[in-house]
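Here are my comments on the structure you sent. They are set out as numbered points, to be read beside the coordinates.

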Amino acid sequence: MGIRFVLLVNKQGQTRLAQYYAEHLTLDERRALEGEIVRKCLARTDQQCSFVEHRNYKIVYRRYASLFFLVGVDNDENELAILEFIHLFVETMDRHFGNVCELDIMFHLEKAHFMLEEMVMNGCIVETSKSNILMPIQLMDKAS
Amino acid sequence: RSEAPIPDPFWASLSSSSMAATSSAPSLVDTLFQRSLDDLIRSLRSSSSSSVLEAAAITRALDEIRREIRSPDLDTKAVALQKLTYLASLHHLDMSWAAFHALELLPSPSLPHPRVAYLAASLSFHPSSTDLLPLATHQLRKHLAPSPANTPALVAPALHVLALASSADLACHLAPDLLPILSGQSSNPLRPKAIATALRALAVCPDAAPVLFKPLVDCLSLSSEPSAVSAAVSAFCELALAAPDPSPYLPLAPEFYRLLVDSRNNWVLIKVLKIFARLAPLERRLAVRILDPVCQLLRRSPAKSVVFECIRTVLSSLSDHDSAVRLAVDKIKEFLASDDDLNLRYLGLQALAMLGPAYLWAVEESREVVIRSLNDTDTNIRHQALCLIMGMLRESNVVEICNLLFKYAMKSDPDFANEILDAVLATCGRNVYELIVDFDWYVSLLGEMARNPHCAKGDEIERQLVDIGLRVRDARPELVRVARDLLIDPALLGNPFLCRVLSAAAWVSGEYVESSRNLLELVETLLQPRTNLLSLLVRAVYIQAVFKVVTFSFISFIKQIQAFDTKSSADRNSAFENENDVATADKAVIFDSIDNNETIKHESLSHLLDFVETTVGPLSECDNVEIQERARNVLGLIHIIRETQYWDIVAEHELTRDKKISEIVELMEAAFSEELGPVSTNAQKRVTVPEDLILNENLSDLAEVLGDIDVTPCTSISFSLRCHHPTETKEDSAPVIEPSSLLAEHRKRHGLYYLPTEKDEVESNDYPLANEPLLAVSHVDDAKDIVKLTAQSFIPRKAKPTKPRPVVIRLDEGDGDSSSGLTMVKEFKDDLLSGAIRNVLLGNESKPSSSCDMSSDRTSRRGENDASNNNDLFSQPKESNALDGREHRKSSSRKSRHHTRHKEKNGSLGNEDIEETSHRHSTRSSRHQGRHKHRERGDAPPDVVSQEPVIQDFLL
């Protein structure tokens, strides 16, 4: 699988969104993995590159304001493409929420998941058009 | 955002009253006054100041949820599940207990309900932990069915759950239900998602391939929506990367080629490049064909991600084509030169690291950048640069580069300094120091390393110092000098990391004391007062070194006097026999060496002994036995020396008259004369079995002990019990059971106490038998080893015919064998899939797709060729025979390749390809004919037939 997991973590290291693909980790394993990754990535400064190797994953991350977007990928995945993907995800949320912030994601975790669901399935990127990604959510918002 | 604090006591009283009223069933109150998800989040946020408060809030919320989720009202249930999902995903709580409640919400006609349920399922379900999803098979099927009621908003999450959590059975059952979406109208927005789900179905259930594979292939066609093409390419990329043998995907090459040339979508291009990176090594003509488009992309593409993927493809799969590699290396240089973008620099270094040893020139060309990267702010970049530099090390440049790195380590931060030291130690020590030519330099570098203020690699430095002492005789003088410098520095004594290094230094200067310049200084160094900072064991090593120094100085003192006597007599003789030049010259050399070696005077030796006596004296009372024992040894030796008859007489030459002296000298020389050498890991085999030890009988006694009681907790107990009854041993002399199994058993349980043997278990099992012939063999081994050792120690410069490189390779094979069992399982499963796909693409669908058939069909393509060749037999017997043989050879090589795939790199595959092409040239035309015949066979479905010619034309 290309993408193994997507993690959103705030500056304090609290998980704000976590979606794992393809492989199954127990709760304890997830907690341990997230802890290790957060410690490794949050300690890095802006003057360091966006790629970290951890266990058998490559982690591509980017920081937006107080939120870190971390994507764990296979070793043969293209890092730069994943950076693009992160940016696309942020832009999509930005378009929907309007200047998205941590609280938006906390209070609308479901929507964030739905957007991610539209973009990534089974570790593959399936949709890259912002309007296509947001269409079902807008339809649902209208309906309710 | 304003957050109204929620009235906690109110809620608490409410919920407690409802608890009292109906202890388990949810009441109307719960439904009416249920907290929404937003309420829950707010209450968690207000209590997030302390972890205790937060934990309490979570527990309370969970209690609520447990009650509410059992409500018959679906809205209440949905909100409860929503809250639980939130808690579970952000606070790592277990929600598997609510799995059934999630399924209860699926049939609800209100759209939000199943969506909440699907989200919960996608976050928590997995076939290994939750087996409830099959219960929802019918519901999933209903949601997937094409009907106006099933909006994309409902079907998408259903597909998502299937893609994440479906088991093999479920995937098989629901695979046909994906078809309407996969092969329906091309504008269906669900199509890309169905493709991703189909990928999962194929992965867990290869049997679904006949159903799903063709629609997937159709998604690649021109008429598909761009997003569907993108998803399909991703899916094929995953399939091709995961397959142990990607050759079944070769027929799709024309489709991918079209995308590579036409597509403007970077996501698609990246995936297509990945696929070609996997396929190109299989088919040389394919590599030639894609060379041009890839180079075009490499030159023209504005997207760095695509450029980087091209670089990777070229380096991994097109490395035979020099022009392409040249271009890729130029692009890597551009990446490395981008000062403002760290990511590109990191990737550039990574790409350089991908280049094999054959492309060292590329690394050399960028050498400056690489070395400059050592200074980078980013630890990852520095690490990558360090790895590259280590890869550049050769005999010719090892001195220069290591000196450079060492200087750099002095300046860098502690972590990286140690990383550098580690890398240098590991690389230089690799394969018995194969890179090192100048051992004097390396030994002094080791000494310098220990002085690095951040050095925490004392253990490895210690090991190498001692190891070089044992292995490389020529390095000993320098080793002793370095050891002296380390020992004499009082600043090093307090550093706990260096304790081990100092221990090695003390051992070296004691063991090779003959290379020491100034014995008195050495003894003073070893006994300086600050040595009390050292750990007790290291101090014991120090005192043992003193013992050796004292012994050596005494022996050389006596020898010197004896030599002087001979010299004077020789002088007298030489007055008469001047002709005997050779002999005198020889002797002169000996005397010169003694003279130069700062002759030991009686007074200086006395002084030395006095000093040692006064300093070591107090240690004989030390409460550590090691130190005490060694101190007493030293004092005892001094005592013996002092006791000799003529010691106090100043006239030195009298000393030699004392018979006792020569006895002592002989004894002490004997004690230390034997040189220590490195010990092989297989040394146990060379230990001769004592004659009175009858292994066979002793062990056979164990038979009944072991045979009687299986529950014996530990065999060693029965061992000791037996030993107490020697009479019994004799009675049981007739061996009942072959002892080898017992020994094996013992070895299994107490493997810890056995020295490692070589991996031939047969020998170690058959212990008593194997020992006799082994002795003979071991002598040969011994001799070989000595040859090896001397070759290393006497000719350490450049001559390396006996370096143990072949041994290392053999070990690797052994390792591979042991792990192959694990990989085989996965390989087999993947093979099922590729077999199934081969069937779909090459038209073997008439066969049932059960697993055993799949495995036998693995080489179906080759098999068909054989079959068609058999048809040829009637018309062209000669040619087809030759062809048959060739195909057999190919298929067998393919099989063997399967077994070793996990070890093989792309490079070696490429080699094989080159070998094969020579055959191909000779038989290309006949092969083409064979394929042609195959095409005309009527049993394949029409669409497959239409694909076959396309690929053949393309590839040829």
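1. Which residue of β4(A) does A:Val52 stand opposite? The partner is A:Ile59. This is read from a predicted model, and the values that follow are computed from that model. A second facing pair across these strands is A:Glu53 with A:Lys58. Strand β3 (residues 51–54) and strand β4 (residues 57–64) of chain A run antiparallel and are joined by four bridges. In a regular strand, side chains alternate between the two faces of the sheet.

2. The connection between β3(A) and β4(A) is a hairpin with two residues between the strands. A:Arg55, in that turn, has a positive phi of about 45°. On its other pairing, β4(A) meets strand β5 (residues 67–73) of chain A through seven bridges, again antiparallel. Within this pairing A:Arg62 stands opposite A:Phe69 in β5(A). The hairpin of β4(A) and β5(A) also has two residues between its strands, and A:Ala65 takes a positive phi near 50° there. Both turn residues deserve a look in the backbone torsions.3. Chain A as a whole has five helices and seven strands. Read from the N terminus, its elements follow the order β-β-α-β-β-β-α-α-α-β-β-α. Of its 144 residues, 61% are buried. Among contacts in chain A between residues at least 6 apart in sequence, 49% join residues at least 24 apart. The chain exposes about 5400 Å², of which carbon and sulfur atoms supply 47%.

4. Chain B holds 46 helices and zero strands. It has 956 residues, and 49% of them count as buried. For contacts in chain B between residues at least 6 apart in sequence, the share that joins residues at least 24 apart is 70%. The exposed area of chain B is about 45800 Å², with 57% of it from carbon and sulfur atoms.

5. One helix of chain B can serve as an example. Helix α4 (residues 51–68) of chain B has 18 residues. From its first C-alpha to its last it reaches 25 Å, close to the 26 Å expected at 1.5 Å a residue. Its buried residues include B:Ala57, B:Ile58, B:Ala61, B:Leu62 and B:Ile65. Charged side chains are on the list too: B:Glu54, B:Glu64, B:Arg67 and B:Glu68 are buried in α4(B). An α-helix has 3.6 residues a turn, so residues three or four places apart point the same way.

6. How many disulfides does the structure hold over all chains? There is one. It joins B:Cys172 to B:Cys205, with the sulfur atoms 2.0 Å apart. The link is right-handed, with 45° about the S-S bond. It connects distant parts of the chain, 33 residues apart: B:Cys172 lies in helix α10 (residues 168–183) of chain B, and B:Cys205 in the loop between α11 (191–204) and α12 (209–218) of chain B.

7. Are the two cysteines of this link buried or partly exposed? B:Cys172 is partly exposed at a relative accessible area of 33%, while B:Cys205 counts as buried because its relative accessibility is 4%, and the cut-off is 20%. Two further cysteines of chain B fall under that cut-off: B:Cys499 is buried at 11% relative accessibility, and B:Cys622 is buried at 16%.

8. Over all chains the structure holds 18 aromatic pairs. In one of them, the rings of A:Phe5 and A:Tyr57 have their centres 5.2 Å apart and their planes at 80°, so the pair is edge-to-face. A:Phe5 is in strand β1 (residues 3–10) of chain A and A:Tyr57 is in β4(A), so the contact ties together parts that are 52 residues apart in sequence. A:Phe5 counts as buried, at 1% relative accessibility. A:Tyr57 is also buried, at 4%.

9. Another aromatic pair is formed by A:Phe51 and B:Tyr346. Their rings are 5.7 Å apart centre to centre, with 40° between the planes, and the pair is tilted. Why does this pair join two chains? A:Phe51 lies in β3(A) whereas B:Tyr346 lies in helix α19 (residues 342–354) of chain B, so one ring comes from each chain. Both A:Phe51 and B:Tyr346 are buried.

10. Chain B also has an aromatic cluster, formed by B:Phe213, B:Phe236, B:Tyr249, B:Phe256 and B:Phe276.

Technical notes. Residues are numbered from 1 along each chain as its sequence is written. Chains are lettered from A and ligands numbered from 1 in the order in which they are written. Side-chain values use heavy atoms; hydrogens and water are left out. Two strands pair if DSSP finds at least two bridges between them. Buried means under 20% relative accessible area, exposed over 50%, partly exposed in between (1.4 Å probe, protein chains only). Contact means heavy atoms within 4.5 Å. Accessible areas come from the Shrake-Rupley method with a 1.4 Å probe; for residues, only the protein chains shown count as cover. The expected span of a helix is 1.5 Å times one less than its number of residues. A disulfide is a pair of cysteine sulfur atoms within 2.5 Å. Rings of Phe, Tyr and Trp (its six-membered ring) pair if their centres lie within 6.5 Å; planes under 30 degrees apart count as stacked, over 60 as edge-to-face and the rest as tilted.
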